[in-house]
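Here are a few short exercises to work through with the model in view. Try each task before reading its solution.

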Amino acid sequence: MEHSNFTQILSWTAVILLSTSYWFQIWKIHVHKEVRDLSMTYHILLALGFGILAYTAWLEGSTIFLVKQIATTIPVCIIIFQIIVHKEDRWHDDSDPYCNKCNAELELLWNSCPFCGEEKSEEQKQILYNAILKKNNE
Ligand SMILES: [Zn+2]
């Protein structure tokens with residue numbers, strides 16, 4: 001009895017860990033808007049696989065497996081939705097400076113704007129140095 005309780009706790013812990021993991025990816029996409037590196041095929045196959053297993057878990061009456069499949073299918077579907085929504089978006093970070101000439105968002109490591117050629121101002125370059133300093137101090 002005790003052994004099976006322990007196994008149950010372990011299994012539910014794994015379900016929580018697995019279903020939570022996808023929300024970290026969702027949050028990253030939400031913050032940075034960059035989805036070009038994410039494979040749509042991979043996420044569609046995951047969603048289909050999880051979805052089918054949710055159905056078979058329901059047929060077999062396995063509560064833990066059903067919860068696990070639903071809790072992973074939902075976030076994977078959200079990622080698919082995010083890939084569609086952010087398909088045309090570029091990398092975004094709140095700390096990134098904007099070009100003084102054309103107002104495009106500039107990534108930290110860029111010295112000049114790739115859209116209009118304007119060089120970053122000294123103040124904007126300072127943001128990069130501060131970010132590097134901050135990272136080195138962590
Ligand atoms: Zn520019």
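**Warm-up: what covers α2**

Among what covers the buried residues of α2 is α3. This is a predicted model, where local features need pLDDT of at least 70 and side-chain atom pairs count only at pLDDT 80 or more, while totals for chains, interfaces and linings use all residues. Residues are numbered from 1 along each chain as its sequence is written.

**Exercise 1.** Find which residues of α2 are buried, and which exposed residues sit on the face turned away from them.

*Solution.* Start with the terms. Helices are DSSP runs (H or I, at least four residues), numbered from the N terminus. A residue is buried if 20 or more other C-beta atoms lie within 10 Å of its own, exposed if 12 or fewer, and partly exposed in between, with C-beta atoms placed from the backbone.

Next, pick out the buried residues of α2: His43, Phe50 and Ala54. They cover an arc of only 45° around the axis (taken from the directions from the helix axis to the C-beta atoms), so they are on the same side of α2.

Now turn to the face away from that buried side: there you'll meet the exposed residues Thr41, Leu45, Leu48, Ile52, Tyr55, Thr56, Leu59 and Glu60.

Last, step past the end of the helix: Gly61 follows α2 and has a positive phi, near 70°.

**Exercise 2.** Check the span of helix α3 (residues 63-85) against what its residue count predicts.

*Solution.* The rule is that the expected span is 1.5 Å times one less than the number of residues. With 23 residues, α3 should span 33 Å, and its end C-alpha atoms are 33 Å apart, so the two agree. Then list its buried residues: Lys68, Gln69, Thr72, Thr73, Pro75, Val76, Ile79 and Gln82.

**Exercise 3.** Name the six residues of the largest nonpolar core, and say which helices supply them.

*Solution.* Such a core is a set of buried Ala, Val, Leu, Ile, Met, Phe, Trp, Tyr and Cys residues joined through C-beta atoms within 7 Å. The six here are Tyr22, Ile29, Phe50, Ala54, Val76 and Ile79. α1, α2 and α3 each supply at least two residues of this core.

Zoom in on Ile29: leaving aside neighbours within four places in sequence, Ile29 is in contact (C-beta atoms, placed from the backbone, within 7 Å) with Val35, Ile79, Gln82 and His86.

**Exercise 4.** Is Val31 buried or exposed?

*Solution.* First, place Val31: it is in helix α1 (residues 2-32). Then count: 11 other C-beta atoms lie within 10 Å, so Val31 is exposed.

Key. Contact = placed C-beta atoms within 7 Å.
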